[in-house]
Amino acid sequence: MQIGRPGYPITAIVYSDGPQFEAFLQEFTTAMAEQGLQLAGLIQRSEPKPGRVKCDMYLRDLATGELHGISDDRGPHARGCVLNADRLLRACTTAEVQLSSQTDLR
């Protein structure tokens with residue numbers, strides 16, 4: 001069974017420490033860009049909010065550096081999902097435009 005479109009593989013990495021893994025991805029992609037590699041795609045950046053259970057979530061576009069906010073502020077006691085699916089879809093659509101055969105890392 002194939003899920004998705006041919007030629008557009010999806011990769012998932014399972015991790016247990018979110019902040020540590022996000023920092024690793026940030027460092028790794030920054031180092032690749034500094035070496036002149038052309039990157040495309042999105043990586044998550046979470047920002048804790050003082051006095052809040054949930055953090056603010058952003059996706060950084062690897063091609064442009066633009067940050068896309070993908071979470072809703074549902075108040076200090078929110079425990080449920082704060083992901084805004086419309087913002088997530090917009091970020092993905094914007095990032096997809098940057099994918100090309102010239103992209104070294106996606």
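Select R87 first: its relative accessible area is 32%, which makes R87 partly exposed (buried is under 20% relative accessible area, exposed is over 50%, and partly exposed lies in between, with a 1.4 Å probe and protein chains only). This is a predicted model, in which local features need pLDDT of at least 70 and side-chain atom pairs count only at pLDDT 80 or more, while totals for chains, interfaces and linings use all residues. Residues are numbered from 1 along each chain as its sequence is written, and side-chain values use heavy atoms, leaving out hydrogens and water.

Next, add D72. Its side chain meets that of R87 in a salt bridge, 3.6 Å from N to O (a side-chain nitrogen of Lys or Arg within 4 Å of a carboxyl oxygen of Asp or Glu). R87 sits in helix α2 and D72 in the loop between β3 and α2, so this pair links distant parts of the chain, 15 residues apart (helices, H or I, of at least four residues and strands, E, of at least two are DSSP runs numbered from the N terminus). D72 is partly exposed at 21% relative accessibility.

Now go to K49, partly exposed at 26%. Show D73 with K49: their side chains form a salt bridge of 3.1 Å, N to O. K49 is in the loop between β1 (42-47) and β2 (56-61) and D73 in the loop between β3 (67-69) and α2 (85-96), so the pair ties together parts 24 residues apart in sequence. D73 is partly exposed, at 49%.

Keep K49 selected and add D56. The closest N and O atoms of this salt bridge are 3.9 Å apart, and D56 is buried at 17%.

Finally, the structure holds six salt bridges.
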